[in-house]
Amino acid sequence: MSIQIAIIAPTAHLTTLSGYGDTAYFMALAQEVLLDAEYARFFRERSEAGQWVILDNGACELGESVDGEPLLEAFRLVRPQQLILPDKIDDGAGTYELVRAFLAKYATQLGGTRLTAVAHGRDYTDWLSSWRQLTSLPQVGAMAIGKTAPAFPDARPDYARIAALEHLVSKGLLPEHMTVHVLGSADAVHLELAQLRQFGFVTGLDTSAPVVHGASGIRFEEGTAYRKLATHLPMSAQLSPDQLEDCMYNIDIMRRAAGIKV
């Protein structure tokens, strides 16, 4: 099976990079939707065309989720097929309360959208408790896997999410109706993608890694691990033709690893 990839790219290059290879799988960041009408319009048009758009709450980039009325406004601007519900980094109990409060107030306005929760925890016990609580909520139709290294410290850092998924499968902890989206990318994302293909319930992964690396003149190598750059690429970035070529080269490496025809 193949894994879908949502490429996160600067606004000026959304069509070229996020839309590369005639993909129909996208991720929009709520904070950018609220700030940039052009950015919001790109994803609204994809959603209206029947393509799969995920609206993320921005917790990874901002340190805390876009929540409440601002998240609802971003939802209305894009009308995504999937929404990442508010979460609190490394805080399972805090995430559960954010999700419950948001659903209690807004669930009736989100009809037809795949509502997706993110499990968090400082250690294995905390993370597993978060997973159990969130999957028990009737409105939650999908889960997202983000940082799991604290819960699985014995796993290689770049494969901690594979370890988490294997554990969930072995314990029968994924409800039959649920799918999983993988948030962001570990080191050597193309190697992680190849491993993710074993899980039939994993629908996709989002990442800026091929763009961040390509903008720095770095090309991925098939079958070769790398350490992910910590460089932040602003949404206002304008890339040169050579940089775009390197980005697209990296996306092709990822697509092949994910089982997508190139």
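User: Hi! Which residue forms a salt bridge with Glu48?

Analyst: Hello! This is a predicted model, and in it Glu48 pairs with Arg44, with the closest N and O atoms 2.9 Å apart.

User: Where do Glu48 and Arg44 lie?

Analyst: Both are in helix H3, residues 37-48, and they sit four residues apart, about one turn of the helix.

User: And is Glu48 buried or exposed?

Analyst: Glu48 counts as exposed at 58% relative accessibility. Its partner Arg44 is partly exposed, at 27%.

User: How many salt bridges does the structure hold?

Analyst: Nine. Another of them joins the side chains of Arg122 and Asp126, at 3.5 Å from N to O. Arg122 is exposed, with 59% relative accessibility, whereas Asp126 is buried, with a relative accessible area of 16%.

User: What about Glu222, which side chain does that one meet in a salt bridge?

Analyst: That would be Arg256, and the N to O distance is 3.2 Å. Glu222 is in the loop between H10 and H11 while Arg256 is in helix H11, so the pair ties together parts that are 34 residues apart in sequence. Arg256 counts as partly exposed, at 37% relative accessibility.

User: Which residues are linked in a network of salt bridges?

Analyst: Arg219, Glu245 and Asp246 are.

User: H11 came up just now. How many residues does it have, and how far does it reach?

Analyst: Helix H11 covers residues 241-257, which is 17 residues. From its first C-alpha to its last it reaches 25 Å, close to the 24 Å expected at 1.5 Å a residue. After H11 comes Gly259, with a positive phi near 85 degrees.

User: Which residues of H11 are buried?

Analyst: Among them are Leu244, Asp246, Cys247, Asn250 and Ile251. The elements covering the buried residues of H11 include strand S1 (4-7) and helix H1 (14-18), along with H9, S8 and H10.

User: Cys247 caught my eye. How many disulfides does a search of the whole structure find?

Analyst: Zero. Cys60, for one, is in no disulfide, and the nearest cysteine sulfur to it, that of Cys247, is 19 Å away.

User: Why no bond for Cys247?

Analyst: Because the closest cysteine sulfur, in Cys60, is 19 Å from the sulfur of Cys247, too far for a bond. As for their surroundings, Cys247 is buried at 0% relative accessibility, while Cys60 is exposed, with a relative accessible area of 65%.

User: Switching topic: where does Asp206 lie?

Analyst: Asp206 is in strand S8, residues 202-207. Asp206 is buried yet has no salt bridge.

User: So how far away is the nearest side chain of opposite charge?

Analyst: It belongs to Arg161, 7.2 Å away.

User: What does the side chain of Asp206 reach, then?

Analyst: It reaches the backbone nitrogen of Gly184, at 3.1 Å. Leaving aside neighbours within four places in sequence, the contacts of Asp206 include Ala6, Ile8, Met27 and His181, as well as Val182 and Leu183.

User: Back to Arg161. Which residues of H8 are buried?

Analyst: Arg161 is one of them, and the others are Ala160, Ile162, Ala163, Ala164, Leu165, His167 and Leu168. Helix H8 (residues 160-170) is mostly covered, with eight of its 11 residues buried.

User: What covers the buried residues of H8?

Analyst: The cover includes helix H7 (124-135), strand S6 (142-145) and strand S7 (179-182), together with H9 and S8. H8 is followed by Gly172, whose phi is positive, near 65 degrees.

User: One last spot: where does Gln198 lie?

Analyst: In the loop between H9 and S8. Gln198 is partly exposed, at 46% relative accessibility.

User: And which residues does Gln198 touch, not counting residues up to four places away in sequence?

Analyst: Ile162 and Glu166. The C-alpha atoms of Gln198 and Ile162 are separated by 9.7 Å, though the two residues are 36 apart along the chain.

User: What lies 3.0 Å from a polar atom of the Gln198 side chain?

Analyst: That is the backbone oxygen of Gln195.

Notes:
Residues numbered from 1 in each chain as written. Predicted model: local features only at pLDDT ≥ 70, side-chain atom pairs only at ≥ 80, totals over all residues. Heavy atoms only, no water. Helix = DSSP H or I, 4+ residues; strand = E, 2+ residues; numbered from the N terminus. Buried < 20%, exposed > 50% of the residue type's maximum accessible area, 1.4 Å probe, protein only. Lys, Arg positive; Asp, Glu negative; His and termini not counted. Salt bridge = Lys/Arg side-chain N within 4 Å of Asp/Glu carboxyl O. Polar contact = N/O pair within 3.5 Å; in protein donor to acceptor, adjacent residues only side chain to side chain. Contact = heavy atoms within 4.5 Å. Expected span 1.5 Å × (residues − 1). Disulfide = S-S within 2.5 Å.
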